[in-house]
Amino acid sequence: MTRDIKEICKALHLAYIADRFEEVPYETKEQFLRDVLALEISSRQEAKRSKLIKKAKFRELKWLKDYEWSDHIHWPSTTTKEELCDLVFLERRQNVLLLGSPGTGKTHFSHGFRIEGMRERP
């Protein structure tokens, strides 16, 4: 049975369902189908993100959640830390300039922006 499901999923280009559909709880047919298809979508998005990160060829992966916030960071009056971390500037099509001495975290911050920007937004 699982072999048939894998072949059907392969024919429909549903790469992730065949391996993970058993993880999805079954309450109703509609709920099961919705959750299985949502699983396919989220798995595709994660695979795409991983490929993009690999393609970017970062020497190290640096995340915004790991950034060490300190008093040496000065924000312009037109934005906040939360707006930057939520990537609001991308939606507004604004530029962000990171200025500072070596070792102040500019690269970490910019890598964090880039990796966070690869996430799918609702």
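Here's a quick look at the main pocket of this predicted model and at two residues with positive phi.

Some ground rules. Residues are numbered from 1 along each chain as its sequence is written, and side-chain values use heavy atoms, with hydrogens and water left out. Local features need pLDDT of at least 70 and side-chain atom pairs count only at pLDDT 80 or more, while totals for chains, interfaces and linings use all residues.

**The pocket**

The largest pocket (an open set of points on a 1 Å grid over the protein atoms alone, where a 1.4 Å probe fits, with protein on both sides within 12 Å along at least five of seven lines) has a volume of about 500 Å³. That volume is the space filled by probe spheres set on the points, which are joined across faces, edges and corners. Its lining, meaning residues with an atom within 4 Å of a point, has 25 residues, and His74, Trp75, Leu84, Leu97 and Leu98 are the closest to the centre. Helix 4 (81-85), helix 5 (88-91) and helix 6 (106-117) each give two or more residues to the lining; helices are DSSP runs (H or I, at least four residues), numbered from the N terminus.

By class, the lining has twelve nonpolar, ten polar and three charged residues. Here Ala, Val, Leu, Ile, Met, Phe, Trp, Tyr, Cys and Pro count as nonpolar, Asp, Glu, Lys and Arg as charged, and the others, Gly among them, as polar.

**Two loop residues**

Neither His13 nor Leu87 is a glycine, yet phi is positive in both. Buried means under 20% relative accessible area and exposed over 50%, with partly exposed in between (1.4 Å probe, protein chains only).

| Residue | Phi | Loop between | Relative accessibility |
|---|---|---|---|
| His13 | near 60° | helix 1 (2-11) and helix 2 (17-20) | 61%, exposed |
| Leu87 | about 60° | helix 4 and helix 5 | 2%, buried |
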